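Each turn below asks how a label was earned, and each reply sets the value beside its cut-off.

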Amino acid sequence: MATQREIANARKNRLEIIKAGLTRRDLFKMGLLTSAGYLIQKNGLSAWAQSCAAGSCQPGCSPFIPPFLDPLYIPPIVPSRPLTDPAFKLPPQQCPHNTRNPAINRPYEGRGQYDGVLQAGKDCFQYFHRYPPQVYFVQRLRANPNFRITSDTSIPAQTIWGFNRGGSDPAMVPGPTIVTHYQTPFLVRRFNELPPQAQNGGFGVPEVSPHLHNYHSGPESDGGPCRYFFRGQFYDFYHTGQQAGFSTTPFSPTGDVRESLGSLWYHDHRKDHTAENTYKGMAGFQVNFNQFDTGDEGTGFRLPSFPQYDVPLLLADKLVDPGTGLLCFDTFGFDGLVGDVQLVNGKVQPFMDVSARRYRFRVLDTGPSRFYELHLTDPRNPSTRIYFWIIGNDGNLLPKPYLTDSIRMGPAERFDIIIDFGRLQKQFGTSILNFENRLLQTDGRAPKSVLPGGDPQAKVCMQFRIGAAVPDGSLDPMKGGMTFYQLPPTTTVVPRITRTFNFNRKNGQWQINGRGLDNCADIRFTVQRGAPEKWILINTSGGWQHPVHIHTEEFQILSRNGNLPTMGERSRKDVCRLQFSERVELMIRFRDFLGDYPMHCHNVVHEDHNMMVLWQIGTVGDNNTTP
Amino acid sequence: MSGMTRRIWLAAGSASAMAGLSVRLGAGDGHANHPTRNWEQVSPREVIRRRHLPNVELITQDGKSVHFYDDLVKDKMVLINFMYAHCEKICPTMTANLAHVQRMLPERIGHDIFMYSITLKPEADTPEVLKEYAKMHGAGPGWLFLTGKPEDIETLRRSLGFTSPDPEEDADKSNHIGMIRIGNEPMLRWSACPAEIRPQGIINMILAEADDPLIGPTSETGTAAATVK
Amino acid sequence: MPALHKRRYQSIRGAKAFLSLLFLFVLSRCVSAQVLVTFPVGESPEGIASDGTYVWVASQFSNIVTKLRARDGAEVGTYRVGTRPVAVLFDGSNIWVSNLVSGTVTKVRPRDGALLGTFSAGTTPGDMAFDGTNLWVANRDGDRVTKLRAADGAIVGTYPVGSRPMGLAFDGAHIWVANNMDGTITKLRASDGFAVGTFPAGESPFGLAFDGTNIWITNFFADSVTKLRGRDGAKVGTFYIGSSPARLIYDGTNIWVTNNGSDNVVVLRKKNGSILRTYGAGKDPFGIAFDGVNIWVANSGDNTVSSSISLM
């Protein structure tokens, strides 16, 4: 029932629309007209619209925020620090600093705690002396109450909890980018300086476990669900800097270069509360280079230079409370959250001025639950197919570039793409290209359908504005002959065992093979270090889709529904999208490290309600085929 | 900016909901005048209370009248589940697990952690029936079994997230999601735990939810000892 | 202090005694939660139907249909069908299997499993219904239904419905369609496919059954069953009978419902939806069939079929 004030406001708005000279076609394209030609029943336009009451936290109720107000924010790079930096007063060491910090009555370092309880002597860094760290980084998790998602000053500042660059600088969303190079072992010290629980603004918990998704790491450095640490502690994350296979012949000591990962991200992974924490801002990008993927378009594979023409794009959809104007997250939900406010690199639907040349974008779906199908759309001719190149999947370069007009992504998937703005500008005679999500999704369980280009319900994530041409030293995939790494073999590999995992739902909780992660001691099966396995992931017709993620190793999809995967999926991957009624076979190896890791759905709301299983790498594997 | 360009940029963006606000068309120059909006100043704790913790009247197994938010939840750490006395599904396991939990945490349950089992069949489960049920399961003090008016129970169940939103009238409410809602109300910390898992798993989670928020420096800024300016 | 300990210890012992008694009490009351006998079939079965003599189960990832003898569950044979067989139907003469990925339906002769034909059925065909002459197939990703002549498999027409049609039922004159992703039921005239009405259901309507007068609908994510009056689609009642109810059938007397989320099957009184009995099934049950005497349930999570043959 609309109030007098709402009716008056709506009339004022309608008059303004008329004054602005918007045509009916404009209004329809903006999604403001029904097919019958009437203004949609949205509060603020129609006098008879339902109110989204203050306190609503659901799609359709967020206040309107104009798109294309802000340029794309490019996160700064975390500086490396010398060991003389005061942050390393307690120097990094192989085994955790278990000594008690009297200020908090807990150890100084959070490493060694499991489900919050100290296990003395555990979680020392494997291989620490073989590959001593050469580069050190510091980050501090803290609150930032002055974070803006838009320069529209009518939307208030937000309080985010996230990562900073290690000094006194404020936390940002996305967090700053960490840049590392293979064969250079590195260590990141993270301080938990988050506020107390009661100051969380309605969601978020101050115990954290930052996970580097999906580096080949020991469990002590992987950031798993049970290794969270408390306010007032720090945690050292050490990484050998070597590709998988580094500890045995034939690939020791550097590992198999075909197992190189490029585009990674780091985000919180605390058991039961991952969704609210990542949503609140605990996510950032990490970029790995090596002797081929160098970041310099004059060398190696000659991919566009970092950072100017090699840009991470972190997609995140949010909800805003229409009463307070603040980001909201309902911690009582089970099925997932889809937002109606679209952020890229922390700002609402930004624009990016690009030169008319090739760019590499590292596109990441940070979730929490949304699937995307991203297209380049010419707003004047939205049905035109516009092509770009996929060069990497989940941070792994494909054997060679693959031409496509869209990428389908689930939460946590990454795609490295090359867009040739120079060629497209000439081809279409346009300087405006929208990066548009055409996949309709209205609840957190599964997407619905693909919309036509330019549809009012499709969401333009960001807009590229093409300027003048500049010199381009990168290779042109169109010219052919561009190759990256061959895939490590799978057809000649005999798996030690085949295991099957059914992804289902019992009594309202999400489960794997009929169980969830009941408690941290529940390690369901043991794989054998050095012995590959075949895993079968099954999803029925029930009506849900799951992006399934496995830690510490990249797998290869052998078949999807009995067929070879499509070209874009013939890749090493760490997130496997399970769509309706699908059966995926994958091959996975377990190398170098011992210890426990999770497999879970990366719809983080499903993960928190309980769609996760812990497994471990041991010297002898078990024979449980349906763990 | 010309009207033509403005129209193109508007057509290029798919606008979504608008809430009581004038349409501003200054897209792109980044510094157009944005009108102010009247935002509510309400505490996050109050937002959660309004959305999820209605103050409905309930009756305990001892016949005492209580209000859900004011008497049972406000300022407390709580475990909430739904059941009914003659259930045919997983509720024997669930109630047995909760009884085990209560036995394992005698110094907490009823002191700073409170257990509430709410019936889904208020017409059948009178306070006397619930009292007998509680006795049968060895429920001790600090574990309340509650009934109330059917429409209040329904409101409570939906508010606490025990079912998908379903506005129709029910003919027969034997729905039963096997889940325990765990909440630390003053700490704005809410989660859920499956009811049929081993009791030790439930205990681990309860203790983490109750005690983890208390860990850390007491100073406002929350800085660790080994930090730098 | 010691007195307190002793009292607590005694009350713990007392509680333990209570619990043992309670366990026995509950066990005796749990006679109704009998577990049905199971038979192994191929991988991830969802669809199942019976011709009265045999039971046919489609194993969706094995691309086969398994023929079991209804009186004892013995396996008679397995037959290759298309890719991803998700549903099975008996039209009075023949068995039909819909192949989700192939986009076809396969017609099988019951007595010997002979393949009588494979027919194009539109995109992603799933659940089916029979109107006496024609086979109706729900196109899950196409938001439509396809009508094929049973005699020769020719497509008679296709008709738009709501989003993600997952269930079909025939009431003598109309085809009812459960639109899983928009929460509605579409009622089509069987003669010409004309949509005579659209009715709201609960969240994620999945399965449909007709009991002679009423249409019953499982609402998968609402954990409820809705009963609509067949004549005009008016809602008669909503019942909560288990977790994630999937498929249901009418056995002439009662309504049987598989609960995918609680791994059981419930029997509901047709008059008022109350639960008469509950049976434990295998893991992740979906399809359910009635052979005239017994019910059969397809358990996608453990690759088995459950049956009531040991109980009746």
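Q: How many helices and strands are there in chain C, and what makes a run count as one?
A: Chain C holds one helix and 29 strands; helices (H or I, at least four residues) and strands (E, at least two) are DSSP runs, numbered from the N terminus. This is a predicted model, in which local features need pLDDT of at least 70 and side-chain atom pairs count only at pLDDT 80 or more, whereas totals for chains, interfaces and linings use all residues. Residues are numbered from 1 along each chain as its sequence is written, chains are lettered from A and ligands numbered from 1 in the order in which they are written, and side-chain values use heavy atoms, with hydrogens and water left out.

Q: What is the confidence of the model, and where in chain C is the pLDDT under 50?
A: The model scores ipTM 0.88 and pTM 0.87. Chain C averages a pLDDT (the predictor's confidence in each residue, from 0 to 100) of 90, and 89% of its residues score at least 70. Residues 1-12 of chain C stay under 50, and the model gives this stretch two contacts (heavy atoms within 4.5 Å) beyond four places in sequence. Residues 24-32 of chain C are also below 50, with five contacts beyond near neighbours in sequence.

Q: Why is C:Ser300 called buried?
A: C:Ser300 has a relative accessible area of 1%, and buried means under 20%, with exposed over 50% and partly exposed in between (1.4 Å probe, protein chains only), so C:Ser300 counts as buried. This serine is found in the loop between β28 (295-299) and β29 (304-307) of chain C, and, not counting residues up to four places away in sequence, the residues it touches include A:Asn502 and A:Thr540 as well as C:Ser44, C:Lys283 and C:Phe286. Of the 312 residues of chain C, 62% count as buried.

Q: Why is A:Lys459 called buried or exposed, and what does its side chain reach?
A: A:Lys459 has a relative accessible area of 15%, and therefore it is buried. This lysine is found in strand β27 (residues 459-466) of chain A, and its side chain reaches the backbone oxygen of A:Asp340 at 2.7 Å, where a polar contact is a pair of N or O atoms within 3.5 Å, one able to donate a hydrogen and the other to accept it within protein, and residues adjacent in sequence count only if both atoms are side-chain atoms.

Q: What is the phi of A:Gln349, and where does this residue lie?
A: A:Gln349 has a positive phi of about 35° although it is not a glycine, and it lies in the loop between β16 (347-348) and β17 (351-354) of chain A. At 4% relative accessibility, A:Gln349 counts as buried.

Q: Which residues lie nearest the centre of the second largest pocket, and how many line it?
A: The lining has 39 residues, of which A:Arg408, A:Arg560, A:Arg577, A:Gln579 and A:Glu582 lie nearest the centre. A pocket, on a 1 Å grid over the protein atoms alone, is an open set of points where a 1.4 Å probe fits, with protein on both sides within 12 Å along at least five of seven lines, and lining residues have an atom within 4 Å of a point.
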